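This report introduces the structure to a reader who has not met it before. It takes up a helix, its surroundings and the charged side chains in turn.

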Amino acid sequence: MENQNRMISGYRDLDESEVKAINTAKFTSATVGKLIEELSASPNVDQRWLAIAKTDLQKGFMSLTRAIAKPTTF
């Protein structure tokens, strides 16, 4: 469905540079996610700290997306 953001409260149309920035952030987060997955298979990595890093990185990428998209709701 095109223009789904118009049907979801709090979302707005993004310009081309905003879409490009969000797509770059999503690509980068996927790359970081693959690194986290690879490290999780290593017995030499502290899994507790890796879990903390994963959570903090996820929050960071979500925050980055919100910073670009500037939703109008909480």
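## Helix H2 and its charged neighbours

In helix H2, the buried residues are Leu-50, Thr-65, Ile-68 and Ala-69. The model in which they are found is a predicted one. Among what covers these buried residues of H2 is helix H1, which comprises residues 16-40.

Helix H2 itself runs over residues 47-69, a stretch of 23 residues. From the first C-alpha to the last, H2 reaches 33 Å, close to the 33 Å expected at 1.5 Å a residue.

Both ends of H2 can be described in some detail. At its start, a side-chain oxygen of Asp-46 comes to within 3.0 Å of the backbone nitrogen of Arg-48. The side chain of Arg-48 has a further role in the description: its charged end sits over the ring of Trp-49, at 5.2 Å from the centre of that ring. As for pairs of aromatic rings, the structure holds zero. At the other end, H2 is followed by Lys-70, a residue with a positive phi near 50 degrees.

One of the buried residues of H2 may be taken as an example. Thr-65, which has its place in helix H2, counts as buried because its relative accessibility is 18%, and buried means under 20%. When residues up to four places away in sequence are not counted, Thr-65 touches Ile-22 and Lys-26.

Glu-18 offers a second example, this time from helix H1. Its relative accessibility is 11%, and Glu-18 therefore counts as buried. Leaving aside neighbours within four places in sequence, Glu-18 is in contact with Arg-12, Asp-13, Ile-68 and Lys-70. Of these, Ile-68 is itself one of the buried residues of H2.

The charged side chains come next. Side chains of opposite charge can pair when their charged atoms come close. The count of salt bridges in this structure comes to three, and they are set out below.

| Salt bridge | N to O distance |
|---|---|
| Arg-12 and Glu-18 | 2.8 Å |
| Lys-70 and Glu-18 | 3.8 Å |
| Lys-59 and Asp-56 | 3.8 Å |

Which parts of the chain does the pair of Lys-70 and Glu-18 tie together? The side chains of Lys-70 and Glu-18 meet in a salt bridge. Lys-70 lies in the segment after H2 and Glu-18 in helix H1, so this pair ties together parts that are 52 residues apart in sequence. Lys-70 counts as partly exposed, at 47% relative accessibility, whereas Glu-18 counts as buried at 11%. Arg-12, the other partner of Glu-18 in a salt bridge, counts as partly exposed at 26% relative accessibility.

The pair of Lys-59 and Asp-56 is placed within one element: both residues lie in helix H2, three residues apart, which is about one turn of the helix. Lys-59 is partly exposed, with a relative accessible area of 47%. Asp-56 is also partly exposed, with a relative accessible area of 42%. Through shared partners, salt bridges join Arg-12, Glu-18 and Lys-70 into one network.

How values were computed: Residues numbered from 1 in each chain as written. Predicted model: local features only at pLDDT ≥ 70, side-chain atom pairs only at ≥ 80, totals over all residues. Heavy atoms only, no water. Phe/Tyr/Trp six-rings, centres within 6.5 Å; stacked < 30°, edge-to-face > 60°. Lys NZ or Arg CZ within 6 Å of the ring centre and 35° of its normal. Helix = DSSP H or I, 4+ residues; strand = E, 2+ residues; numbered from the N terminus. Expected span 1.5 Å × (residues − 1). Buried < 20%, exposed > 50% of the residue type's maximum accessible area, 1.4 Å probe, protein only. Contact = heavy atoms within 4.5 Å. Polar contact = N/O pair within 3.5 Å; in protein donor to acceptor, adjacent residues only side chain to side chain. Salt bridge = Lys/Arg side-chain N within 4 Å of Asp/Glu carboxyl O.
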